[in-house]
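Subject: Structure handover and findings

Hello,

Here is the structure for you to look over. My notes follow below it.

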Amino acid sequence: MSEWIVDSHCHLDYDGLAERLPEVIARAEAAGVGLMVSISSLVSRFPRLLAIAEAHEQVFCTVGTHPHHAHEELDVPVAELVRLAQHPKVVGLGEAGLDYHYTFSTPAAQEQGFRNHIAAARETGLPLVIHTREAEDDTIRILEDEMAKGAFPALLHCFTSAERLARAGVELGLTVSFSGILTYKSAQDLRDVAQIVPMDRLLVETDSPYLAPVPHRGQSNEPAFVVKTLETLASVKGVSREEMARATSDNFFRLFAKVPRPPRFGTAA
């Protein structure tokens with residue numbers, strides 16, 4: 001394997017992956033995907049997620065509450081997020097943020113949850129995985145307001161928004177992660193956004209079991225398929241697959257600094 005790849009965002013505890021974990025992880029390994037971060041969507045489900053990370057050397061996890069569930073866990077204090085994040089396998093906060101496409105949680109509940117997770121990211125120094133959908137103005141407003149209070153590491157995951165959010169995020173020091181949507185024929189606008197994101201701010205992810213890239217679109221997504229997104233991103237940026245693998249891995253280990261860099265990933269460029 002020439003260059004190993006990281007799937008920076010998957011959901012190994014979700015139906016579609018959890019019941020076939022050994023084969024999913026084996027296929028990831030065979031495809032050159034050497035690390036996976038399984039992302040938390042509910043603190044109440046965190047023990048199940050942590051157990052998966054503890055059982056697999058190449059799997060790490062986060063802790064947090066998805067904006068769809070923000071109203072369910074507003075009683076989880078920042079101190080509890082910080083406490084849970086002390087575990088060696090917990091390498092980030094979230095995913096948290098704003099999603100106005102659905103109305104599962106009110107904008108006010110989502111904003112409170114978002115700010116709580118930002119506070120935990122600031123206190124722990126761990127990166128916040130930000131989910132944002134159809135909420136660009138409020139996302140930028142909250143990020144600018146909170147960065148003014150004190151910097152914190154973060155990334156915009158599964159980026160599907162307009163260029164102005166990408167530029168605002170990069171200006172604030174954030175990383176931008178692209179999923180299998182980047183490979184879709186209809187996603188030229190997204191590929192145009194990817195062109196303007198600096199190489200040192202890029203990550204790739206699956207968001208599996210959702211959003212399988214071409215040629216797997218319509219199937220249950222899994223970490224092995226992140227290779228297809230990486231290949232598309234490399235083409236968009238005009239670099240080789242190997243160069244993009246090195247860049248995104250270096251970016252991952254710089255942002256997720258709590259994750260030990262395995263020898264197979266070599267040393268940072």
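Start with two aromatic residues: Phe159 is buried, and Phe178 is buried too. Keep in mind throughout that this is a predicted model.

**Aromatic pairs**

Phe159 and Phe178 pair edge-to-face, with 6.1 Å from centre to centre and 65 degrees between the planes. Phe159 sits in the loop between strand 6 (154–156) and helix 6 (163–171), while Phe178 belongs to strand 7, so their pairing ties together parts 19 residues apart in sequence.

The structure has six aromatic pairs. Another of them joins Tyr14 and Tyr210. Their ring centres are 6.0 Å apart and the planes meet at 70 degrees, so this pair is edge-to-face. Tyr14 is in the loop between strand 1 (5–10) and helix 1 (21–31). Tyr210 is in the loop between strand 8 (202–204) and helix 8. The pair therefore ties together parts that are 196 residues apart in sequence. Tyr14 is buried, at 15% relative accessible area. Tyr210 is partly exposed, at 44%.

Ring pairs also link a cluster made of Phe252, Phe253, Phe256 and Phe265.

Two rings have a charge over them. The charged end of Lys89 sits over the ring of Phe60, 4.2 Å from its centre. The charged end of Arg264 sits over the ring of Trp4, 4.0 Å from its centre.

**Cores**

In soluble globular proteins, nonpolar side chains tend to be buried together. Here, the largest nonpolar core holds 71 residues. Leu12, Val63, Leu128, Phe159 and Phe178 touch the most other members. Helix 8 (residues 226–237) supplies the largest share of this core, six residues. A second, separate core has 16 residues, among them Phe60, Phe252, Phe256 and Val259.

What does Val63 touch, not counting residues up to four places away in sequence? Its contacts are Ser40, Val43, Phe46, Leu81, Leu84, Ala85, Val90, Gly92, Leu93, Gly94 and His117.

**Two buried aliphatic residues**

Leu230 is in helix 8. Its relative accessibility is 0%, so Leu230 counts as buried. Beyond four places in sequence, Leu230 touches Ile5, Val204, Arg241, Met244, Ala245 and Thr248. Leu230 and Arg241 are 11 residues apart along the chain, and their C-alpha atoms are separated by 7.1 Å.

Ile52 lies in helix 2 (residues 46–55). Ile52 is buried, with 11% relative accessible area. Leaving out residues up to four places away in sequence, Ile52 touches Leu12, Asp13, Leu21 and Val59. The C-alpha atoms of Ile52 and Leu12 are 7.7 Å apart, against a separation of 40 residues in sequence.

**Loop residues**

Thr183 lies in the loop between strand 7 (175–178) and helix 7 (188–196). Is Thr183 buried or exposed? Thr183 is buried, at 13% relative accessible area. Its side chain reaches the backbone nitrogen of Val214 at 2.9 Å. Apart from neighbours within four places in sequence, Thr183 is in contact with Arg191, Pro213, Val214, Lys228, Thr229 and Thr232.

His216 is in the loop between strand 8 and helix 8. His216 is buried, with a relative accessible area of 17%. Its contacts, again leaving aside neighbours within four places in sequence, are Phe225 and Lys228. Lys228 also appears among the contacts of Thr183.

**Cysteines**

How many disulfides does the structure hold? It holds zero. Cys10 is in no disulfide, and the nearest cysteine sulfur, that of Cys61, is 11 Å away. Cys10 is buried, at 0% relative accessible area.

Why is Cys158 without a bond to Cys10? Cys10 has the closest cysteine sulfur to that of Cys158, but the distance is 13 Å, too far for a bond. A disulfide needs the two sulfur atoms within 2.5 Å. Cys158 also counts as buried, because its relative accessibility is 10% and the cut-off is under 20%.

Best regards

Note on methods: Residues are numbered from 1 along each chain as its sequence is written. This is a predicted model: local features need pLDDT of at least 70, side-chain atom pairs count only at pLDDT 80 or more; totals for chains, interfaces and linings use all residues. Side-chain values use heavy atoms; hydrogens and water are left out. A nonpolar core is a set of buried Ala, Val, Leu, Ile, Met, Phe, Trp, Tyr and Cys residues joined through side-chain atoms within 4.5 Å. Buried means under 20% relative accessible area, exposed over 50%, partly exposed in between (1.4 Å probe, protein chains only). Helices (H or I, at least four residues) and strands (E, at least two) are DSSP runs, numbered from the N terminus. Contact means heavy atoms within 4.5 Å. A polar contact is a pair of N or O atoms within 3.5 Å; within protein, one must be able to donate a hydrogen and the other to accept it, and residues adjacent in sequence count only if both atoms are side-chain atoms. Rings of Phe, Tyr and Trp (its six-membered ring) pair if their centres lie within 6.5 Å; planes under 30 degrees apart count as stacked, over 60 as edge-to-face and the rest as tilted. A charge sits over a ring if NZ of Lys or CZ of Arg is within 6 Å of the ring centre and within 35 degrees of the ring normal.
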